[in-house]
Amino acid sequence: MHGNVDPVVKFGPSASKRSSKIVLPLRILHKNHTFSSSCCCHSVSQKKMLSRIRTVLRSPSIATRSYTTKVVLGIETSCDDTSAAIVTSDRAILSEVVRSQQDMHEPMGGIVPTLASLGHSRHLPGVICETLDRAKLTIADIDAIAVTRGPGLPPCLPVGLNAAKTLAAVSKKPLIGVHHMEAHALTARLTTPTPFPFMTLLISGGHTLLLTANGLGDYDQLGTTLDTAVGEAIDKTARALELEWNGSSPGPALERAAAQGDPERFKLPIPMLQRNKSVIAFSFSGLKTSVARLAEEQARTPQDTYDIAAAFQMTCIRHIEQKLALALHREIVMNKKPLTALVVSGGVASNTVFRSRLEAVAASYDLPLVCPPPKLCTDNGVMIAWAGLERFQAGLVDDYTITTLPKWPIESLKEQL
């Protein structure tokens, strides 16, 4: 199980309501013979048949399913963690299983794609089986299978996609290839029903992307990184500062170190604040290099390390704040778009300092900040299942012949509409 997610976690307005149940008649038709539960003259074989049928109908996989509720299995293998989850259209997370590869990658100082692929190949069959078992479902109870198609690490994506294609084809279930970044953007609609259009900031190890989400599959890219993603810069800085992961990952390690430091002691230049101040784009490569140089020059004490971490984190935040404010002004003030929220997702969005600062930026434009729970900000099967469910309900399904797309511009999703 991922974190402390219960076997059934429900979000949204329906969370406090009982799911509608299947209403079962007392008369059951089986092979052209009608058995009445009120009849007292059944043969022994008929009574055994009725007993079996009642047992099946009482099983959680059938008795608690409504006619309208859809159930989707999501599979995620785009980077290092192997994950699967089952989500319903009434916003219930029936189960989620994650296999971390931290012990494999921490000694290497970062993610090694070929090792990650090997880990997925080992873990994925067991992860899928355990996900179904925890939900008390079989594959026959699943309405569709969703899987990350891209973007992601080229050696890792095929492990999940090939498993999903085979499982869908054998069980004759619809297949949905999910865009990893769309899944991050849509997770907010699982936890906090958020109508379109909204602005979304996706910040992770592989992406720093600012979008306007006009509708499902309809995204306008406002800005992206010109070089390094913010999550990658954080990971490399944590490595340069020789921070211990302590059972987590480089991002939380840097956040913990920064919490003990003075962000004003070391002055780091905010990227793109002079020549390209009015450009909506991000750049973290120069900042990453400056911090690495500072770390090498210092005969560092633990407090020096904490202060450098704090300075780096605050500079990243100020850079993102400045570009985000430009984008909000353009969309709300100049383009008159009726945005409903600022959605922030991706692994870096689990950083509490980032969240609090970005909430203030959103509030200055009278927008709520919507962030998924921290455990759903990092890569996970829940977001893939939910994005797949939204696309499935919109009729956006894929052939069993689809292949991975390690580089996949999110604006190209409009071509499928």
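**Figure 1. Helices H10 and H11 run roughly parallel to each other.** This close-up comes from a predicted model. The two axes, those of helix H10 (residues 302-334) and helix H11 (residues 352-363), cross at roughly 30° and come within 10 Å. Angles under 35 degrees count as roughly parallel, so that is the label this pair gets. As for handedness, H10 and H11 cross in the right-handed sense. On the H10 side, the contact is made by Gln-313, Met-314, Cys-316, Ile-317, Arg-318, Ile-320, Glu-321, Leu-324, Ala-325 and Leu-328. H11 brings Val-353, Phe-354, Arg-357, Leu-358 and Val-361 to the contact.

**Figure 2. Helix H8 crosses H10 at roughly 110°.** Here we're looking at helix H8 (residues 250-259), whose axis comes within 7 Å of the H10 axis. With that angle, H8 is roughly perpendicular to H10. Which residues of H8 meet H10? They are Leu-254, Glu-255, Ala-257 and Ala-258. Across from them, H10 supplies Tyr-306, Ala-309, Ala-310, Phe-312 and Gln-313. Gln-313 is also one of the H10 residues in the contact with H11.

**Figure 3. Thr-237 of helix H7 is buried.** Zoom in on helix H7 (residues 230-240) and you'll find Thr-237 there. Its relative accessible area is 1%, and buried means under 20%, so Thr-237 counts as buried. What does Thr-237 touch, leaving aside residues up to four places away in sequence? The answer is Leu-254, Val-291 and Phe-312. Two of these names turn up in the previous view as well: Leu-254 sits in H8 and Phe-312 in H10, within the set of residues where those helices meet.

**Figure 4. Strand E9 is largely enclosed by the rest of the structure.** How many of the six residues of E9 are buried? Six of the six are, so the strand is largely enclosed. Phe-198, Thr-200 and Leu-202 point one way from E9, while Met-199, Leu-201 and Ile-203 point the other way. Residues on both faces of E9 are buried. Strand E9 (residues 198-203) pairs with strand E10 (residues 208-215) in the antiparallel sense, over six bridges. These two strands make a hairpin, with four residues between them. Look for Met-199 opposite Thr-212 in E10, and for Leu-202 opposite Leu-209 in E10. E9 is also joined to E12, this time in parallel and by four bridges. There, Leu-202 stands opposite Ser-345 in E12.

**Figure 5. Strand E9 belongs to an open sheet of five strands.** Reading across the sheet, the order is E11-E10-E9-E12-E13, and the pairing is mixed. Strand E11 (218-224) and strand E13 (369-370) stand at the edges with a single partner strand each, so each has one side without a neighbour in the sheet. Helix H6 packs on this sheet, touching E9, E11, strand E12 (342-345) and E13. The direction of H6 makes about 125° with that of E9.

**Figure 6. An open sheet of six strands has H5 and H6 lying across some of its strands.** The strand order is E1-E6-E5-E4-E7-E8, again with mixed pairing. At the edges you'll find strand E1 (9-10) and strand E8 (175-179), each paired on one side only. Strand E5 (residues 82-88) and strand E6 (residues 92-99) run antiparallel, joined by six bridges. For a landmark in E6, find Ile-93, which has Val-87 opposite. Helix H5 (residues 157-171) lies across strand E4 (71-76), strand E7 (144-150) and E8, and runs at about 155° to E7. Helix H6 (residues 180-191) lies across E4, E5, E6, E7 and E8, running at about 95° to E8. This is the H6 that also packs on the five-strand sheet, where E9 is among the strands touched.

**Figure 7. Stepping back, the chain has 12 helices and 13 strands.** Of the 417 residues in the chain, 50% are buried. Take the contacts between residues at least 6 apart in sequence: 73% of them join residues at least 24 apart. The accessible surface of the chain comes to about 18,600 Å², and carbon and sulfur atoms account for 55% of that.

Conventions: Residues are numbered from 1 along each chain as its sequence is written. This is a predicted model: local features need pLDDT of at least 70, side-chain atom pairs count only at pLDDT 80 or more; totals for chains, interfaces and linings use all residues. Side-chain values use heavy atoms; hydrogens and water are left out. Two strands pair if DSSP finds at least two bridges between them. Contact means heavy atoms within 4.5 Å. Axes are lines fitted to C-alpha atoms, for helices over the stretch in contact, and angles run from 0 to 180 degrees between N-to-C directions. Buried means under 20% relative accessible area, exposed over 50%, partly exposed in between (1.4 Å probe, protein chains only). Accessible areas come from the Shrake-Rupley method with a 1.4 Å probe; for residues, only the protein chains shown count as cover. Angles under 35 degrees count as roughly parallel, over 145 as roughly antiparallel, 65 to 115 as roughly perpendicular and the rest as oblique. A crossing is left-handed if the near helix is turned anticlockwise from the far one by less than a right angle, and right-handed if clockwise.
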